[in-house]
Amino acid sequence: MWCGGGGALDLSGTINALSSTIAISCDASGQNCNFIQATLQTLFGQNGLALTSCLFGECIRESTINTLANTFSPSTVASGSTLSKGVIAGLSIVAAVAFLALLSLGLGLWSQSKARKAPVGELDEKSGVGLRWTDIGFTLAPKSRVGRRGNADDGRVLLDGISGEVAPGQLLAILGPTGAGKSTLVDLLAGRRKSGRSTGSIELVSSTGSSNRKVKIGYVDQQDILPSTSTVREHLMFSAQLRLPEGMSKAAKEKRVFEVLSQLGLLDVADSRIGGTERRGISGLDSVSAKRVISVLKDLANSGSTTVITTIHQPNSQIFHMFDLVLTLSRGGRQLYFGRAATVAQHFVALGHSCPEGWNPADYLLELASDPPADLLPPVAPRAAARIDLRKASAGSDLRDGDSAEEGKESAPNLPILHKFPPRSDGRQSHQRPTTVLLTQFQVLAGRQLRNLKRDWSLVLMHNAVAVVVGVLVGGLYFQVNSTISGFQNRIGSLFFLGSLLAFASLSALSNFVQIKPLFLRERANNLYGPVAFLLSEVFFDIVPLRIAPTIIVSCIIYWMVGLSPSAANFFKFLLILVEFNVASTLFNLLLGAALDNSGVAILISAVINLFQMAFAGFFVNLKSIPPVLRWVQWLAPLKSTLEALAVNELSSGLQIIDTLQGVKIEVNAALIMDILFGFKPDGYYRDVLILFGFVGGFGLLLISTVVYRLKERR
């Protein structure tokens, strides 16, 4: 009888409504019969609808079979993957994206070949570039209650009317007490990104007078951020590969690295790993080491091609007299002195402030700068728009017309201007661009990433070891599920567990990105490479060894231990969905790491979103029973598309549920139960493939945009 029936029922109306041929097969006694028709076989198995003495049979409501007959067709349930016009269009888009990727690779190879064939020419060792800055000011905007910077006009003044000049081949030291603005001034001169409002102008000058000349600015920060697993030689070679011209041979670059190691006295430790701060320590330089560093800078400047500007806290007398020029800032960012180091004492004697006998001139300058007499400070100058004479710009200048800091070196005001620009707080300046093309940047970054993985296998080992352990545990928990109703529940449960595992495992990508982000910010600020090359290398070496490899391992173990569909085609379709979902989850976590500065907040948001995905995945609640006002949210959950695709793929082989309920044997197609229990569509596999591909593309584009426009070093 039909469930809910009140005795004998007339089945003719329902049976006649079914399309295609219907047959009735009975045994010799005529007591056991079967209605055999395509839809009935889809719902109840190969034997169709079974009736015994017309007293009992398959338990299903008449209204249910009328509804499902229009929903389930034999071809749909058998394949689970019909291609609609929308799916075909989507697959065409995927093919177009793949073609564009191959085209981009071809263009990259072409541009790299062209760059490497370009003539290198001789490096100009004689014609250097000087620097002139006029009336530099900087105001730090105050922070509001929500942590954002307010109006800079109401903020703290860090620099006020600073002017100076350095000719090619000179060494300038900037002195001053803590908080005087030394680092801020150097940041502005180097074009670093600053949070605040800046004024004044900066000029690059050179005796060549060629405005097309490329200018390189090197910047050494007070706090070094270096890759801990690289050696000193490897890190210098990394820099050489990205800074020196593409057409320069590898041997020539290695020779330059050797010269730098020799010049810095690092040959003894050239092949030692840099290590982290906890390994190498963070102690400062002693006087001997400080003198060695300044000697290297002095020799670099004396080559005539390099202008060196450095800040120093408290140099001894010997180091002080190695400087060509000295710029002293007092508290509040006021300029106390700019001139030659050799004539500091005479300058202040002329102003009525003599350096005590036996004192280090640097100590005397710092004492004056800490609490400067009013007669030594220049008056607050208006922000002159016109160019002013730097020789008269500062009341503390010891350079007179016609003088230079060192005999035989041309004074900066007499040199032609190469570039002129304001000290912009966004850090964008036209003379600073990566030297190499995108493909070369990726290759160099990939080489470092691969070397890091070889030397630190802990992360790769843990991901793959955990995949093996979890795979065995889950496989044992759901070992060789049967075809009963409970077995069907376990089958879908194993798929849900696997998807949830991958969602939470991808959190490690967020942690890895947060760790590497400071190094990227520093190296991007130094114009070693662009953000796209960094993302390509970072994503590739995160996804392949840490996502795809563990996914394949855990999938192979669980798939065969649980006893899922034995078809090879079903297995690879199963694997495709898991890889897509894992890549999408990884890109989403990388996006959180790039968008949020607080890693704790990013991890919390990722965990909460994973829980939200689990709620809307269809396993805990039937998707059709979700209130319409919230039902659309399921399309924002990649786990829902993943679980639906995995379930459809598993049941597309025609899985039949065979069980006995209260002594009555039932046999029904699992696709029917899937729709009733979870609300999954039996023809949704390829649709879900495209949805997951959309998540991958969307998260990828958002990640690129965030890194390109947001992840810039700002001081």
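Is serine 565 buried or exposed? In this predicted model, serine 565 is buried, its relative accessible area being 4%. Serine 565 belongs to the loop that runs between helix 18 and helix 19, the latter spanning residues 568–595. Leaving out residues up to four places away in sequence, serine 565 touches Tyr559, Trp560, Asn570, Glu650 and Ser653.

**Overall make-up**

The protein contains 24 helices and 14 strands, and 47% of its 715 residues count as buried. Among contacts with a separation of 6 or more, 77% are between residues that stand 24 or more positions apart.

**Two partners of helix 18**

Helix 18 covers residues 531–562 and packs against helix 17, which covers residues 507–525; helix 18 also packs against helix 14, residues 438–455. The two pairings are set side by side below.

| Helix pair | Angle between axes | Distance between axes |
|---|---|---|
| Helix 17 and helix 18 | about 155 degrees | 12 Å |
| Helix 14 and helix 18 | about 35 degrees | 8 Å |

With an angle of about 155 degrees, helix 17 and helix 18 are therefore roughly antiparallel to each other, and helix 17 passes helix 18 in a right-handed crossing. On the side of helix 17 the contact is made by Ser508, Ala509, Asn512, Phe513, Ile516, Phe520 and Arg524, and these meet Pro531, Phe534, Glu538, Asp542, Leu546 and Arg547 of helix 18. Sorted by class, this contact of helix 17 with helix 18 has 7 nonpolar, 2 polar and 4 charged residues.

The crossing of helix 14 with helix 18 is right-handed. Helix 14 contributes Leu438, Gln441, Phe442, Leu445, Ala446, Gln449, Leu450 and Leu453 to the contact, while helix 18 contributes Val532, Ala533, Phe534, Leu536, Ser537, Glu538, Phe541 and Pro545. By class, the contact of helix 14 with helix 18 has 12 nonpolar, 3 polar and 1 charged residues. Phe534 and Glu538 of helix 18 take part in the contact with helix 17, and Phe534 and Glu538 are also named in the contact with helix 14.

**Nonpolar cores**

The largest nonpolar core has 48 residues, of which Phe488, Phe574 and Met674 touch the most other members. Two or more residues of this core come from each of helix 15, helix 16, helix 18, helix 19, helix 22 (638–651), helix 23 (670–677) and helix 24 (685–709). Methionine 674 touches Phe488, Ala647, Val648, Leu651, Gly679, Phe680, Lys681 and Pro682, when residues up to four places away in sequence are not counted. Apart from the largest core lies another core, of 29 residues, which includes Ala509, Val583, Leu590 and Phe695. Ala509, a member of that other core, is also one of the residues through which helix 17 contacts helix 18.

**A mostly covered helix**

Helix 13, residues 361–370, is mostly covered, with 7 of its 10 residues buried. Those buried residues are Pro361, Ala362, Tyr364, Leu365, Leu366, Leu368 and Ala369. The elements that cover them include strand 7 (171–175), helix 11 (317–320), strand 10 (325–330), strand 11 (334–340) and helix 12 (344–350).

**Individual residues in strands and loops**

Two residues other than glycine may be described through their positive phi values. Aspartate 135, with phi near 55 degrees, is placed in strand 5, residues 129–140, and is buried, with a relative accessible area of 9%. Glutamine 480, with phi near 45 degrees, lies in the loop between helix 15 (458–477) and helix 16 (485–505), and at 44% relative accessibility glutamine 480 counts as partly exposed.

Serine 25 is found in strand 1, residues 23–26, and is partly exposed, with a relative accessible area of 36%. Beyond its neighbours within four places in sequence, serine 25 is in contact with Asn32, Cys33, Asn34 and Ile36. For one of these partners, isoleucine 36, the C-alpha atom is separated from that of serine 25 by 7.3 Å, the two residues being 11 residues apart along the chain.

Notes: Residues numbered from 1 in each chain as written. Predicted model: local features only at pLDDT ≥ 70, side-chain atom pairs only at ≥ 80, totals over all residues. Heavy atoms only, no water. Axes fitted to C-alpha atoms, helices over the stretch in contact; angles between N-to-C directions. Helix = DSSP H or I, 4+ residues; strand = E, 2+ residues; numbered from the N terminus. Parallel < 35°, antiparallel > 145°, perpendicular 65-115°, else oblique. Left-handed = near helix turned anticlockwise from the far one by under 90°. Contact = heavy atoms within 4.5 Å. Nonpolar A, V, L, I, M, F, W, Y, C, P; charged D, E, K, R; others polar. Buried < 20%, exposed > 50% of the residue type's maximum accessible area, 1.4 Å probe, protein only. Core = buried A, V, L, I, M, F, W, Y, C linked by side-chain atoms within 4.5 Å.
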